[in-house]
Amino acid sequence: MILELDHISVSLKGRRILNDISMSAREGEFIGLIGPNGAGKSTLLRTAAGLLPVEAGTRRLAGAAMETLSPRERARALSYLPQTRPLYWAMPVRSLVALGRFAWGNPLTEDARDAEAVDCALAACGAGHLADRPASELSGGELSRVHLARALAGETPLLLADEPAAALDPAHQLSVMQLLRAKAEEGKAVIAALHDLTLAARYCTRIVMVHEGGVAADGAPKDVLTDDQLQQVFRIRARFDAEGGLAIHALEN
Amino acid sequence: MMRALSLNAILAGASVLLVLLSLFIGPAAIAPGDALAALFTDQGAVSAIIREIRLPRALAAFLAGACLGAAGAGLQGLLRNPLADPGVLGVSAAAALGAVIAIYFNLAALAFWAAPMMAILFALGATAALYALGAGRVTTARLILIGVGLSSFCGALISLAMNLSPNPFALSDLINWLFGTVANRSFHDLALAAPFALLGFIMIVASAPGLLALTLGEETADSLGADLKRTRALVIIGAAFLVGASVATAGAIGFVGIVAPHLVRAFAGQNPARLLLPSALMGGVMLAGADIVIRLLPFDQELKLGVAAALIGAPGFVWVAATTKRIAS
C-alpha cells in the first residue's frame, strides 16, 4: 500500500472541507477522483501530497507516517501536479522538467541519471521536441504536457494529478489518459482528479466518488458510476453503452 | 553555465579594476603609478592616503553594493517578484532608523560602532517583525504590503527625529545616513560590517535550491521536496544581515537591489539560483563605479552616493516595473 489515508479531516480557513475521509492506493492502480465542483477533490489530493496539515486522522506514505518524512523523503515517494501551474521565471522546457528531479542528488546540478529521467519523461509526454523552447512561449496544451513530464521525471511510485487532462484537445486528453494508465500498468499508483466521467470510466482501474468532503462510493468504474450515485451526487443521468462508454444527460429539475 | 561563469569572471574583473581606479581619485594629487606603489610598499604619507582613506572608501562602496545586490536577488527569488527589494520591504528604512536613533540619542558619539550596530539590529528587527506578522505562511502580496507600511512608519520616525533635531551637526550626520555616502570610511567600519555581510551572503547562497524550486510556486516547490520554512528563514535573516551591513557601511542606498539583479538577468537568464553571485558582483560594480563618478563631477560639494544611486536607480525601477512581463499564470 503506497498511500493510506485513515479518517482524515481537513479544514481550510475555518471551514471543514474533508470530513472523516478514508482511502488508500496500491501500486498498479489508476484511481480517478470524481465529484462535483467543491466536493473536496483538490483538497484530498493536496492532503495526500502532504501539503496540508490534517486536523484528525493519519496519513501513511509507503508505510511511514507522513509527518515523520522530510520534504525530500516525501518528494521521492510522490509527485504532485497541481491544477494551477504558475511559472514565475522564464526557463527552457528542459530545465522546468528537470525540477522534477529536485529531491534526487544535488538540486542545482544534473547528473546522468537525472538527464535520462528527464529525457524519458519528455518523450513519454510527447514533448521531446519542445526541450529547448522557453517554457513561457508554449501553448496551454504544450505547457500542460510539459508539467506532466515534470511530475513524471521524479520517477516516484505515487503520482497525484489534479485535472491532468484539462485544457487539452480531445486527442491529447486521450493520450494523457493512456499515458497515466500505462504508468499504472508499469507499477505506479496514479490518483487523478477528473471532471470527464467518460474518460474516467474508460481508463481508470478504480473510481473514488467524492461528495461533500466524504467518499460517496469507491470501487470499479461500473460499480461507482451507477444511476443512483450519479443522480444523487452529480444530478445527472448516465448509462454505460455496449462498448463500455458512458452516455451522460443532465437531470431535469 | 558557461555564460554564467564568464559573466562572474567579467564582473569580478571589473570589480578589481574599479577598486584600483578608485585609488587614483581624490583631492590629493597622486599619480596612478605612485598610488599603486604606495598601496604595495610603504611610501609614508602617500601610503597613508591610499591605504587608509582611498582603499577603505573603495572597498566600502563595493561591499555596500554587493550586499544590496545579493539581498535584492535573494528577496526577489523568495517573493518571485522582480520588484522586491530591501527598500520595498522596509528593511532599509528600519536599518536607517536604527542609525538615526543612535545619532539622535548621542549613542554614536559614545562609541563609533553604535550607529552601524543599531542599523544591523534594526534590519534584523524589521525582518523578524515581517516574519512574525506573516506568521510563517505568508502570501507575497501580504508581505509586500506589510513592508510598505513598515517603510512608511520608519520614514515618519526618521522625519520626526530630523524635525526635532536640536543641533545642526547631528542633522548633517543624519543626512549622511539617509542619503548614503562612503566618504571617510575606515577599516574599522569595514571590519564591523564585513562579518555580517559574509554571514548574510552565505545564508542567501544556501537558499539557492529553494529559490529555484519556488519558480513553480509555493505549492509545487513544497511537493518537489524544497524545505520552504528553511528557505524563507535563510533569505529573510540573510537579507537582514546584508542590508544591515550595507546601511552600516554606506547609509541607506536604494534601488541597487532591484537594478543589479535585473541587469544580470539580461545576461545570465532568470534562474534565481544562478543570479545570487553575479547580482552581488553587479551591485558592487555599480556602487564602486558610481562612487568614482561622483568624485569626478565638478561640483563644489560632493554628490552623496545614495543620491547618485537614486538618480540612476529610480528611472531603472520604473523601467523594470514597466517592462516586466508577468509570466506566472
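# Two chains, seen through their helices and charged pairs

E163(A) is buried, with 9% relative accessible area, which falls under the 20% cut-off for a buried residue. Please keep in mind that this is a predicted model.

## Two residues with positive phi

Where does E163(A) sit in chain A? This glutamate belongs to the loop between β7 (158-162) and α6 (170-185) of chain A. The backbone of E163(A) deserves a look as well: its phi is near 55°, a positive value although the residue is not a glycine. Most residues other than glycine have a negative phi.

Chain B offers a companion case. R80(B) has a phi near 55°, again positive in a residue other than glycine. R80(B) is found in a loop too, the one between α3 and α4 of chain B. Is R80(B) buried or exposed? With a relative accessible area of 8%, R80(B) counts as buried.

## Helix packing in chain B

Two packed helices are described by the angle between their axes and the distance between the axes. In chain B, helix α3 (residues 45-79) packs against helix α14 (residues 276-296) at an angle of about 140°, and their axes are 6 Å apart. Angles over 145 degrees would count as roughly antiparallel, and α3(B) and α14(B) are therefore oblique to each other. Their crossing is right-handed.

Chain B has another helix pair to look at. The axes of helix α4 (residues 91-104) and helix α8 (residues 168-179) of chain B come within 10 Å, with a crossing angle of roughly 165°. This makes α4(B) roughly antiparallel to α8(B). The crossing of α4(B) and α8(B) is right-handed.

Helix α14(B) also spans the position of L281(B), since the helix covers residues 276-296. How far apart are the C-alpha atoms of G13(B) and L281(B)? They are separated by 9.7 Å, although the two residues are 268 positions apart along the chain. G13(B) has its place in helix α1 (residues 2-22) of chain B and is partly exposed, with 37% relative accessibility.

For a contrast in chain A, take A153(A) and G38(A), which are 115 residues apart in sequence and 30 Å apart in space, C-alpha to C-alpha. A153(A) lies in helix α5 (residues 140-153) of chain A. With a relative accessible area of 0%, A153(A) is buried.

## A nonpolar patch on chain B

F153(B), L157(B), L160(B) and L164(B) together make a nonpolar surface patch of about 380 Å². One of these residues, L157(B), lies in helix α7 (residues 140-164) of chain B. L157(B) counts as partly exposed at 31% relative accessibility, so it clears the 30% that membership of a patch requires.

## Salt bridges

Side chains of opposite charge can pair when their charged atoms come close. How many salt bridges does a search of the whole structure find? Over all chains, the search finds 20.

One of them is formed by E219(B) and R46(A), with the closest N and O atoms 2.4 Å apart. This pair crosses between chains: E219(B) is in helix α11 (residues 218-224) of chain B, while R46(A) is in helix α1 (residues 41-48) of chain A.

Chain A has a salt bridge between E67(A) and R59(A), where the closest N and O atoms are 2.7 Å apart. In chain B, the side chains of R57(B) and E302(B) meet in a salt bridge, at 2.7 Å from N to O. Because R57(B) lies in helix α3 and E302(B) in the loop between α14 and α15 (305-323) of chain B, this pair ties together parts that are 245 residues apart in sequence.

Here is how accessible the partners in these pairs are.

| Residue | Relative accessible area | Class |
|---|---|---|
| E219(B) | 26% | partly exposed |
| R46(A) | 24% | partly exposed |
| E67(A) | 52% | exposed |
| R59(A) | 4% | buried |
| R57(B) | 9% | buried |
| E302(B) | 33% | partly exposed |

Salt bridges can also share partners, and in chain A such sharing joins R101(A), R113(A), D114(A), E116(A) and E155(A) into one network.

How values were computed
Residues numbered from 1 in each chain as written. Chains lettered and ligands numbered in written order. Predicted model: local features only at pLDDT ≥ 70, side-chain atom pairs only at ≥ 80, totals over all residues. Heavy atoms only, no water. Patch = residues over 30% accessible without salt bridge, like charges linked within 9 Å, V, L, I, M, F, W, Y side chains within 5 Å. Areas by Shrake-Rupley, 256 points an atom, 1.4 Å probe, with all protein chains shown as cover. Salt bridge = Lys/Arg side-chain N within 4 Å of Asp/Glu carboxyl O. Helix = DSSP H or I, 4+ residues; strand = E, 2+ residues; numbered from the N terminus. Buried < 20%, exposed > 50% of the residue type's maximum accessible area, 1.4 Å probe, protein only. Axes fitted to C-alpha atoms, helices over the stretch in contact; angles between N-to-C directions. Parallel < 35°, antiparallel > 145°, perpendicular 65-115°, else oblique. Left-handed = near helix turned anticlockwise from the far one by under 90°.
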